[in-house]
Amino acid sequence: MQSRRRTLGVLHCHNGGVAIDQAKPDPSAEWWTTSEVAAYLGLRVATVSSYRMRGQMPEPDMTLGRTHVWRPSKIIAWQVTRPRPGVGGRPVADNGTDLAVEHDDPTELTPATASAVLQKACAAAGLDSAGARLLRVGSNAVFRLTTPVVARISRFGASVDQARRAVAVARWLESVDYPAVRAVDVDQPVIVDQHVVTFWDALSDDGDQYATVREVAEVLARLHALTAPDSLHLPAVAPFENAAHRIEVNDWLTPDDRAFLVGKLAELQDKYSRLEFVLPPGVIHGDASIGNVLRDYRGDPVVIDLDGFAIGPREWDVVLTAMYYDSFGWHTREEYETFVQIYGFDIMTWPGYPVLREIREFLMVTWVIQKAGESEQVAAEARKRIAALRTGASRRDWQPY
């Protein structure tokens, strides 16, 4: 591949909305990589990778190892003709490059895009979005409506089937009187501009109040005693389902860190395949930590975040409380011993515990790298976690997210 000449220009940076100097690709070059396509479009590398994986842009002309390349002419022609909501034709310079920089990528989940999606979704569901309050933006954007309803808005292109399943799980758990968040009685999920929106009963008016570790053990033991109806079609748990994508599309990682995480992923996939579980498989929550058991208006514990329900080893749920005590010190020894007493199983005595703990810690790293570009504080946390994976350093200074 021949070397590519570049000129410097100012492009909009979506990480914080600050203009930065970024190399603009040469239209006369033989090939453009994903990074150069992103620079030309004024988008993040992760966004372009998402476009490619969802088939929303021209297919690469060639793939060399893990590197995808395009003829510049193909990208330029596509950019000129592709639709852009709310904007007319793009101005194009004599050399074919785009003079318009996309300052607001509709695939990014920002407060502005989430608010626009919320208005359309509420209108479709017959709910009032006026006065809605944004609680947080993470894997989803979460709003509290003026009525006791919480709206969850997914990132662009999220699984509609997963959202439908979460609503169905909520209906099932309500039918068996299990203490889980209830889905609002409207036709849902609602799909708006490839964002998936679901509506849930609000648990309280004064913020999240976490249950105790004892209560986590109680609701988890009760959940693991249930048998899901076949009509739910719960999938088998897929521990590494999102990890590879998170690493591949991330434009914050250094090449060295990316290579390390890819290798670590393969290593842990092999280790997981060799585990011999001792608890009977069945219904699991998927992320059964104390952060997903909140108190309702009456002060009773309620399980939230039903997206990860699956069929799998119960150890996948139980390990979180153990590692929160063992790895991070977020629970006391007394709290963990109470959990073991109530649940009836000490996973730390199981030979497979160190492997499952390592896998869970790795997945926590792949989650936080998604947010590393949002602030230096999160970036520092991500760097610290990656270094800990490399060196085996203590996890006691990891901050909860």
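**Chain-level contacts, backbone outliers and charged pairs**

Among contacts in the chain between residues at least 6 apart in sequence, 66% join residues that are at least 24 apart. The structure is a predicted model, and its chain contains 12 helices and 14 strands. Of the 401 residues of the chain, 50% count as buried, while the accessible surface comes to about 19000 Å², with 51% of that area belonging to carbon and sulfur atoms.

Contacts between residues separated in sequence can be illustrated with Leu134, which lies in strand E6 (residues 133-137). When residues up to four places away in sequence are not counted, Leu134 touches Pro111, Ala141, Val142 and Phe143. Leu134 and Ser115, which are 19 residues apart in sequence, have a C-alpha to C-alpha separation of 8.3 Å. With a relative accessible area of 32%, Leu134 is partly exposed, since the range for that class runs between the 20% limit for buried residues and the 50% limit for exposed ones.

Several backbone features were found in the stretch that leads to strand E10. The peptide bond from Gln188 to Pro189 is cis, with omega near 5°, and Pro189 is found in the loop between helix H5 (160-175) and strand E9 (190-192). In the loop between E9 and E10, Asp193 has a positive phi of about 50° although it is not a glycine. Gln194, also placed in the loop between E9 and E10, likewise has a positive phi, near 65°, in a residue other than glycine. Both of these loop residues are partly exposed, Asp193 with a relative accessible area of 48% and Gln194 at 38% relative accessibility. Strand E10 itself spans residues 195-201 and includes Asp201, which is partly exposed with a relative accessible area of 35%. Asp201 gathers with Glu174, Asp177 and Asp185 in a patch of negative charge on the surface.

A search of the whole structure finds 22 salt bridges. One of them is formed by the side chains of Asp305 and Arg152, at an N to O distance of 3.7 Å. Because Asp305 lies in the loop between strand E13 (301-303) and strand E14 (310-312), whereas Arg152 lies in strand E8 (residues 149-154), this pair ties together parts that are 153 residues apart in sequence. The two partners also fall into separate accessibility classes, Asp305 counting as partly exposed at 24% relative accessibility and Arg152 being buried, with a relative accessible area of 16%.

A further salt bridge joins Glu267 to Lys264, with the closest N and O atoms 3.4 Å apart. These two residues are three residues apart in helix H8 (residues 255-273), so that about one helical turn separates them. Glu267 counts as partly exposed at 33% relative accessibility, whereas Lys264 is buried, with a relative accessible area of 11%. The pair does not stand alone, in that Lys264, Glu267, Lys271 and Glu358 are linked in a network of salt bridges.

The side chains of Arg298 and Asp300 also meet in a salt bridge, with an N to O distance of 3.2 Å. In this pair Arg298 is exposed, with a relative accessible area of 67%, and Asp300 counts as partly exposed at 36% relative accessibility.

Notes: Residues numbered from 1 in each chain as written. Predicted model: local features only at pLDDT ≥ 70, side-chain atom pairs only at ≥ 80, totals over all residues. Heavy atoms only, no water. Helix = DSSP H or I, 4+ residues; strand = E, 2+ residues; numbered from the N terminus. Buried < 20%, exposed > 50% of the residue type's maximum accessible area, 1.4 Å probe, protein only. Contact = heavy atoms within 4.5 Å. Patch = residues over 30% accessible without salt bridge, like charges linked within 9 Å, V, L, I, M, F, W, Y side chains within 5 Å. Areas by Shrake-Rupley, 256 points an atom, 1.4 Å probe, with all protein chains shown as cover. Salt bridge = Lys/Arg side-chain N within 4 Å of Asp/Glu carboxyl O. Lys, Arg positive; Asp, Glu negative; His and termini not counted. Charge placed at Lys NZ, Arg CZ, Asp CG, Glu CD.
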